[in-house]
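Hi,

Here is the structure I promised to pass on. Please have a look at it first, and then read on for what I found.

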Amino acid sequence: MELFFAQLLTGLANAATLFLVASGLSLIFGVTRIVNFAHGSFYMLGAFIGYSLMQVLPGMFGFWLSVLLAGLAVGVIGVIVEILVLRPVYKAPELFQLVATFGVILVIQDVALYLWGADDVLGPRAPGLKGIVRIMGEPVPKYDLALIAITPFFLFGLWYLISKTRIGILVRAATQDREMVGALGVNQAWLFTGVFFLGATLAGLGGAIQLPKGGADLLMDFNILAAIFVVVVIGGMGSLPGAYVAAALISILNVFGVTFLPQSTLVLMFVVMAVVLMIKPYGLFGREEVAGEHGQVGEPERPIKPAGLKVRLLVAAGLLLLALLPVFGSDFSQVLTSDVIIFCLFAASLHFILGLGGLVSFGHAAFFGGGAYVAALLVSHVDAPMEIAFLLAPIGAGFAAFIIGWLCMRLTGVYFAMLTLAFAQLIWSLVYQWGEFTGGDDGLVDIWPSAWLNGTTPYYYFTLVFGIGGILLLRHAAHSPFGYALRASRDSSRQAEATGINTKRIQWAAFTFAGSLAGLSGALFVFSKGSVFPTELEIARSFDALIVIFLGGVKTLSGAVVGGASLEYAKDFLTRFEYWRLTLGLIIIFVVIVAPEGISGTLRKVAERFGIIRQREGES
Amino acid sequence: MKIQKLMATALTVAAIGVASISANAADTIKIGEINHYKRMAAFANPYKNGIELALEQINEAGGVLGKPLEFIYRDDQGKPGEAVKIAGELMTRDNTVMLTGTILSHVGLAISSYAAEKKYLYLASEPLADSLVWAKGNDYTFRLRASTYMQAAMLAEEAAKTDAKTYATIAPNYAYGKDAVAAFKTALLALKPDVEFVTEQWPALFKIDAGAEAQAIERAKPDAIYNVTFGGDLAKLVREGTTRGLFEGRHVYGLLTGEPEYLDPLKDEAPEGWVVTGYPWYDLTDKSNKDFVDAYQAKFDEGPKIGSLVGYMTAQSIAAGISKAGSTDTDAMVAAFKGLEVDTPVGQIMFRKQDHQSTMGAFVGTTALQDGKGVMVDWVYKNGADYLPSDEEVMKLRPASQ
């Protein structure tokens, strides 16, 4: 009983940081609709800045002043990011901004490495709060008690700000209907900047305040990301009390999980999230998402149409060139191009549900890695021939998508995205922690193709046939009645229903189809690399695909392929240099700002302007 | 409308153009070094420094086979798939003669499998996983650093000397942690069959909830604790555990805890009285060790880390292997590495014929605080050869040898 109480306190103390960081993310999302991937980076900056300040500011006063200043400094950085990077792209399609925030992550990683060096730093202890207090005989660190005491003040302060002040009224109004707020004459730009300042400050405070319990290191940005997304979603987007309750819930569950289920600590959080979302689809305190946008942001989307003769010839010429690559290219150029094709197929399969279906999935890696694992498990455990394993991979991945799709289909928008993320993370943690079967993080190795494919050039042609074949199949599906029905469901589900389309079923089918094609790319991947590891199921993998779709142009059919090819080739080139993350991050931000319609969309516009391709009738 | 396809094609062509300009064959022997230079910068940079120092010395002494030795360093972002791609590029385009590198075990395993498939020589320098040379071992992969099993067996030997009966273990929940706990258990139970393991904690790597872990261990009231956490996890565990009095009156054994990479960040909060494996470079007096430490300090103006030593020994081993082979032909080099003896700062090591594991050992000592920082005292260097299973067992563990 005593220990039980002490564990409860530990959980509540841990919740403090989680709450601060997550509430910032929640606020930013609520008002600006930006899914801020860089929030973890703000948290990391808070920790590093706080650490540096604590080196120069002595004593108890200095400690708390450092925490405060670190928060404010990160807030200012948030404002700079908002003004320089995000403001130019508010008009872009929804979720496009996350690409920009991804660029910010890369930049901050390298800047932090440059400024603070590579070594982990251990945070200083809080002066005056170093010891323990015995509560019912159990030792409880004083700092834990301080954290437990402080958090409600933050919660109350934020609650007051949001509920009782004019700023808060505007923020709440914007959370509900930001366009109406704009129409009523509120300067949205500064409202957004202000919210960004507040959100970033909270992340910075979270980073600084956890220093006495940990420290600062260069991996902490990604390490907290999954947890804060979970908290925001469980609590309900934009809800502060929700964020607090969810942070406490997750932290306390985790403390008891450590004691009673020490092997499954990773899985627990995502199980809770999946369960909550299935019972309360909008989180504990969230409200149903009001259709955030009145119509579409930016220019209306053009209808897609099958490629004309000229384009077909061009594509054929490109394919011929690819087919001839082994004649004039080196071995490595074939390997690199195989990698690019595999990645493009993966991205294109996500684009199919995202671009055409309007279903934003944050967990598409589950099917890419899933396909790879199906093939690898078959080869390792039942010695299946490569051909059989290759064939079953897309089927297995499609089946996983079928199940997950069924579970997620009742949600829409960002909640749908989060639920897919939760399931993808579940699969990841399962693969990661079920070592006897999946090899855990040691992965599955020696998964090589059959003898007739075992050479760079044969496998290159194999990849070419199936990779390009898959991409063409996706294109074909886009122009089929199925594709039309899918787009109808995206654009107006009510009208689509009225014409007799079962929108949910169409979307579910599309999700399954896209999942199985992602599985195909995963199968191509595993046999080209000879091994598979849980990294192929990670969030970062899903984000990779997401990023290139927006980078390439979400509203064009070729966006995923163009974006995927550009990013892969750019990465291959840039990773040869020392500060490649900084460079890549800046390039991404640059592309995002000058080409908010993505590379593909912008090239099309440029080409039209100069008359290289014909503008369609009916357009000015 | 599909002008973008054209652009993509143009891009492809441009990239291929760049790709097909073959590297001009300068007259050096090139080694492909793949590592997580960004993702694990704190470990990879000292390692790279160690290589640089060795290269400088090797090339001043005339190089290898009359040619200078050169390393090409590539960043794999910590991704196995990326590492395999780079391995191919290094071997086919940059004309490297063999591969080395990686810290993370899973990346090492991916390269190892690729090397066997393509018949390239791979010297795994830092990854610790036992499976690299045993369960997944192959003919083309050798490993330099003392494996998880060896280091755990050294600590188990120390643990068996005490009268502690009940043990708690805490290890990151992934392959390395699991190997380390299993090896420690096996070795300790062999020496002391009446020992009991009362709790096993498995925090997720770099996501430890240290307060909760300390409470969970305290609940089991063990006589001794075996710690495998490292990096930020270790720092948090030490802080929470010390604050809550978890380590008082208990024996604590720490795998890798004494390595400067992990001990230095703890500063004056470094735990005292833990029995650990590590690298007490500040305390080394014998000539070969001291020469290395002095040369390293002179060149980089800081003390070496364990990674620096491993990097230095990697370059030394490769130079010795190629010299012994007399050519850079893969088969000749593989043959040369079997039973290769190398004189290193820690003494002579040998790459065993039976499982390709080197006999590099580890320093085992007790942690203490000196001048406000953690150090190892009463340390001894234990030869790795004494902590490997018998040849029959190795045969069983390593299907590739059967």
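Is helix 21 of chain A mostly covered or mostly uncovered? It is mostly covered, with 12 of its 14 residues buried. Please keep in mind that this is a predicted model.

The buried residues of helix 21 of chain A begin with R541(A), S542(A), F543(A) and D544(A). The list goes on with A545(A), L546(A), I547(A), V548(A), I549(A), F550(A), L551(A) and G552(A). The length of this helix, residues 539-552 of chain A, also works out: at 1.5 Å a residue, 14 residues should span 20 Å, and the end C-alpha atoms are indeed 20 Å apart. Just after helix 21 of chain A comes G553(A), which has a positive phi, near 125°.

Next, a pair of helices further along. In chain A, the axes of helix 22 (residues 559-574) and helix 24 (residues 598-609) come within 7 Å and cross at roughly 110°. Angles of 65 to 115 degrees count as roughly perpendicular, so helix 22 of chain A is roughly perpendicular to helix 24 of chain A. Helix 22 of chain A contributes G559(A), V562(A), G563(A) and S566(A) to the contact, while helix 24 of chain A brings G598(A), I599(A) and S600(A). Sorted by class, this contact has 2 nonpolar and 5 polar residues, and no charged ones.

Finally, the two chains. Their contact takes 78 residues from chain A and 70 residues from chain B. On the side of chain A that touches chain B, 38 residues are nonpolar, 27 polar and 13 charged.

Best wishes

Definitions and conventions
Residues numbered from 1 in each chain as written. Chains lettered and ligands numbered in written order. Predicted model: local features only at pLDDT ≥ 70, side-chain atom pairs only at ≥ 80, totals over all residues. Axes fitted to C-alpha atoms, helices over the stretch in contact; angles between N-to-C directions. Helix = DSSP H or I, 4+ residues; strand = E, 2+ residues; numbered from the N terminus. Parallel < 35°, antiparallel > 145°, perpendicular 65-115°, else oblique. Contact = placed C-beta atoms within 7 Å. Nonpolar A, V, L, I, M, F, W, Y, C, P; charged D, E, K, R; others polar. Expected span 1.5 Å × (residues − 1). Buried ≥ 20, exposed ≤ 12 C-beta atoms within 10 Å, placed from the backbone.
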